[in-house]
Amino acid sequence: MLDLDEDAAMDADHLVGEEPGLPSQQRAWAAAVMEPVRWVRMLCRELGATFVAGVVLVYGLSQGFAGSFFRVASDYYWKDVQQVQPATVQFLSVFFYVPWVLKPLWGVMTDVFPVHGYRRRPYFLFSGILGTVSATIVAMATGLPVSSAVLCLVGISTAVAIADVTIDACIAKNSIDKPALAPDMQSLCAFSSSLGALIGYATSGMFVHHLGAQGALGVMAIPPATVVFLGFFIYEMKTYQHSVKEKVLNKVSGAVKGMVRTIKYPVVWKPSLYMFLSLALSISTHEGQFYWYTNKTPPNPGFSQEFVGLVHAIGAVASMVGVFIYHKWLKDYPFRSILFYAQLLYGVSGLLDLTFVLRWNLALGVPDASFVTLEECVSRVVGRVRLMPMMVLSTKLCPPGVEGTFFALLMCIDSLGMLAAKAGGATVLRALHVTRTDFGHLWLAVLLRNVLRLATLGAIFLVPTADQTDVLVPRELVASSPAAVADDEEERLQLAMLTSHTDEV
């Protein structure tokens, strides 16, 4: 495989037509323009075009666009349509994380319960149909009770979670087969997610303003509909099985035993514990802040729906900048070093929220609109740089053969951390009596959140000092994995059948 810089130079030569005497600066610009194209072409060549398309659809449209659009539209839905208190919204949002906590279940299903010989395609189809139906109901039903609305939104979250764990299984497998490309795959995921989020945030305020919060949620039916098509065209070799019931039970047993055996290794459970603590201790005060900065009563900022969407859209651009910074300069740093400094910046950057809530920005002569935009950009860049090495680390901890199941387990641990952060934030908001109209103690909640973020640094010793391209799974675990042996047998059977078919031709 050619080096990226060499390929970029070749494309630049082709672009400029190899004209003699062309200034070197123009050649450098041409190479820079072609580099993203070259990078995507390399990924398509090494990993498969349908895999790359699947990552873009799931991470870009289903998670990026739908996730960002849902964040703005649902906030206004609970505030204006259902008219519930901010602490209550945070408690209800805990239910949206339940499907993500159940990711090991979805992982086991995709790994060991093939449908008509396919382990990935049917689950894309199911998730797409579930998401489309759930979004349609919540958008069209009038006078929907809170319980029914929660159920529909949980259905949307379940659909995204199943699609996510299915594509993550593909990513984890490719990370094992081609470990050198693991950071590149995470960069593709992050770029796709950030671009989708940019579009979602940029359009969410406009849709909420013109269609209302409930009508805007109807847009959420589009992304899962595209996942249905993904289930038809993504490349996957069909498995040929005999004694299906017995084999399924054996694979379930092997997957569970493999997870238990793997999580007992210190090189696995220590970083998993750190990632949980990093997420759980960063309690969420989002709903309290959202209710505050959209409140029209002076001296509250009273931001409009369009401006809220615009700020989030700018934040999505900043998130892409964070991806670029990581991909270009940080992906070669050891895990412990990058996560230490990222967590430190994460805690310090949270002080911008505190400054905004206390209105110190006005004392400094900085308008609310300018300051909140700055705060959003800084938090998004730091947040992305902090998250990406965690995702790379998670893929490195997965043993072969049960990569979908174990990666789902790690993501379940992360989801438990985010669930704990939501529940903890809701408890703090309620304890401090932060309501739809009373924000007097909101600054205390933000201050406590920042202190807990910095406290996470005390657990940084749990993160390995290995480089991001190193193999972390112990050799004996890879060699003795029953699921890996079963997969080898399955691949040999497929090869034998393919050879037989070729001989007949």
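Biologist: Happy to look at this one with you! Which share of the contacts with a separation of 6 or more comes from residues 24 or more positions apart in the protein chain?

Modeller: Glad to help; please keep in mind that this is a predicted model. Contacts in the protein chain with a separation of 6 or more are the ones counted here. Residues 24 or more positions apart account for 85%.

Biologist: How many helices and how many strands does the protein chain have?

Modeller: Helices here are DSSP runs of at least four residues, while strands need at least two. Counted that way, the protein chain has zero strands, and its helices number 22.

Biologist: What percentage of the residues count as buried?

Modeller: A residue is buried when its relative accessible area is under 20%. The protein chain has 505 residues, and the buried portion is 55%.

Biologist: Which residues touch the most other members of the largest nonpolar core?

Modeller: That core holds 55 residues. Helix α3, spanning residues 49-82, gives the most to this core, with nine residues. Domain 1 (39-235) and domain 2 (258-474) both contribute residues, so the core lies between them. The members that touch the most others are Y77, W78 and M220.

Biologist: Nice. What does M220 touch, leaving out residues up to four places away in sequence?

Modeller: Contact here means heavy atoms within 4.5 Å. With those sequence neighbours left out, M220 touches A66, F69, F70, A135 and I156.

Biologist: How many residues are in the other core, the one that includes L43 and M185?

Modeller: This core lies apart from the largest one. M390 and L472 are also among its members. Its residues number 54.

Biologist: Back to helix α3, where S62 lies: is S62 buried or exposed?

Modeller: S62 touches L57, G67, V160, P223 and V227, not counting residues up to four places away in sequence. Its relative accessibility is 5%. Because that is under the 20% cut-off, S62 counts as buried.

Biologist: And on the outside, which helix gives the most to the nonpolar patch?

Modeller: The patch is formed on the surface by Y341, L344, V348, L351 and L454, with about 440 Å² of accessible area together. Three residues come from a helix covering residues 335-349. That helix is α15.

Biologist: How does V348 count in terms of exposure, and what is the reason?

Modeller: V348 has its place in helix α15 and belongs to the nonpolar patch. Its relative accessibility is 44%. Because partly exposed covers values between 20% and 50%, V348 counts as partly exposed.

Notes
Residues numbered from 1 in each chain as written. Predicted model: local features only at pLDDT ≥ 70, side-chain atom pairs only at ≥ 80, totals over all residues. Heavy atoms only, no water. Patch = residues over 30% accessible without salt bridge, like charges linked within 9 Å, V, L, I, M, F, W, Y side chains within 5 Å. Areas by Shrake-Rupley, 256 points an atom, 1.4 Å probe, with all protein chains shown as cover. Salt bridge = Lys/Arg side-chain N within 4 Å of Asp/Glu carboxyl O. Buried < 20%, exposed > 50% of the residue type's maximum accessible area, 1.4 Å probe, protein only. Core = buried A, V, L, I, M, F, W, Y, C linked by side-chain atoms within 4.5 Å. Domains from an automatic or database assignment.
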